[in-house]
Amino acid sequence: MDLDSLNGGHGVVTGAAGFLGSHLCDRLVGHGARVTAIDNFITGRTDNVGHLVGTDGFNLVSYDVTNFLHVPGEVDFILHFASPASPVDYLRWPIQTLKVGALGTHKVLGLARAKGARFMLASTSEVYGDPLVNPQPETYWGNVNPVGPRGVYDEAKRFAESLTLAYHRAHGLDVRISRTFNTFGPRMAVNDGRAIPAFFKAALCNEPLPVFGDGSQTRSLCYVDDQIEGLLRLLVSDYIGPVNIGNPEEVTMLELAEAVQDVVGTRPGVQFLPLPTDDPRVRRPDTTLAERELGWKAQVPLRDGLERTMPWFREQLGVA
Ligand code: NAD
């Protein structure tokens, strides 16, 4: 398959009203696919896909995918992106997070099996937990605390990966697994607690940027357009996965705070806050596999991505 093969196909996207799901819908519709977009709006917003409603072949359905799931007609591929994804969200909805990773993934795999559709799971770099190797290759099994507060997300995704491969091995289901690393861009929720929205919000309001711990922990941040391109390439590839999709440009939180202040053009400084439990100390994808199997690597440097993202936060915060 290649991206042109999406033209005329019918895809189901769960979590379609979220940050990544809505960008995926845009690209799929742009490639001429028909899209059934499913979301229960626990963290997503209709605004994210409002511009697509009324487009030929785009159908938005309000539904909780932890329940029995039926979609009429043929389905060619399913992108399972439903899940609270930011720490603020999954700590607020711990049981819903475990349910959508476990029961939701089971229901969506069942739909894929019934339709003979290709199934892609949105997994995460959080399966690596607080990693003991850096960068993280797909072969690393991770260092996750199953009983810590973050375990609700990390373990749900680890279970979802395992269930996806069980369906592949037991039923021959055609599956793909992405391991998405931190991604940012327009349509991120301003108050989702992740570093980039929090830093933009503070810098645009000229208030100190909230930095956890001493700010020496690292993250590697991927611009959303790069991420979506990687995900779609994985979808149409022959490689089952898991495949890391992320930008290996690694920065400390203090460096990120500097970069956001540079881009915004204010200098309120930072305030240090207690480090959350089990916060990963380092995070960086080894993208060798994606480069080899998908011919993909991130193109947008962090600084460019921040510049492209700033107008979104200005608009959301009503800051001129
Ligand atoms: P998001 O919160 O913006 O989107 C998730 C969407 O799923 C929301 O619209 C939410 O309402 C929906 N949802 C949650 N539970 C549901 C349910 N039971 N039934 C139907 N819909 C449900 O988050 P996002 O950042 O767009 O993340 C999307 C996916 O990508 C998630 O699975 C997440 O784990 C994965 N991911 C994201 C990142 C990132 O950096 N954004 C990194 C790694 C993995």
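**Figure 1. Polar contacts of the ligand in the predicted model.** A ligand nitrogen atom sits 3.2 Å from a polar backbone atom of N40. The backbone of G44 also takes part: one of its polar atoms is 3.0 Å from an oxygen atom of the ligand. Y153 contributes through its side chain, where a polar atom lies 2.5 Å from a ligand oxygen atom. On its own, the ligand has 820 Å² of accessible area, and the protein covers 96% of that.

**Figure 2. The shell around the ligand.** Three elements each give two or more residues to this shell: α1 (19-30), β5 (118-124) and α5 (151-171). Of these, β5 gives the most, with three residues. In all, 30 residues surround the ligand. Those that come nearest are L20, D39, T43, Y153 and K157. Y153, one of these five, is also the residue whose polar side-chain atom lies 2.5 Å from a ligand oxygen atom. By residue class, the shell divides into 14 nonpolar, twelve polar and four charged residues.

**Figure 3. Strand β4 and its two faces.** β4 covers residues 77-80. In a regular strand, side chains alternate between the two faces of the sheet. F77 and L79 lie on one side of β4, I78 and H80 on the other. Both faces are covered, and all four residues are buried; each has under 20% relative accessible area.

**Figure 4. Pairing of β4 with β1 and β5.** Strand β1 (residues 10-14) runs parallel to β4, and four bridges join the two. One bridge partnership links G11 to F77 of β4. β4 also runs parallel to β5, again with four bridges. Here L79 has M120 of β5 as its bridge partner. F77 and L79, the two residues of β4 named in these pairs, are on one side of the strand. β5 is also the element that gives the most to the ligand shell, with three residues.

**Figure 5. The whole chain, for context.** The secondary structure comes to ten helices and 13 strands. The radius of gyration is 19 Å, close to the 20 Å that the globule rule gives for 320 residues, so the chain is as compact as a globular protein of that length. The C-alpha trace spans about 55 × 45 × 35 Å along its principal axes. Of the 320 residues in the chain, 54% are buried.

Terms used
Residues numbered from 1 in each chain as written. Predicted model: local features only at pLDDT ≥ 70, side-chain atom pairs only at ≥ 80, totals over all residues. Heavy atoms only, no water. Near = heavy atom within 4 Å. Polar contact = N/O pair within 3.5 Å; in protein donor to acceptor, adjacent residues only side chain to side chain. Areas by Shrake-Rupley, 256 points an atom, 1.4 Å probe, with all protein chains shown as cover. Nonpolar A, V, L, I, M, F, W, Y, C, P; charged D, E, K, R; others polar. Buried < 20%, exposed > 50% of the residue type's maximum accessible area, 1.4 Å probe, protein only. Pairing = 2+ DSSP bridges. Rg over C-alpha atoms; globule rule 2.2 N^0.38 Å.
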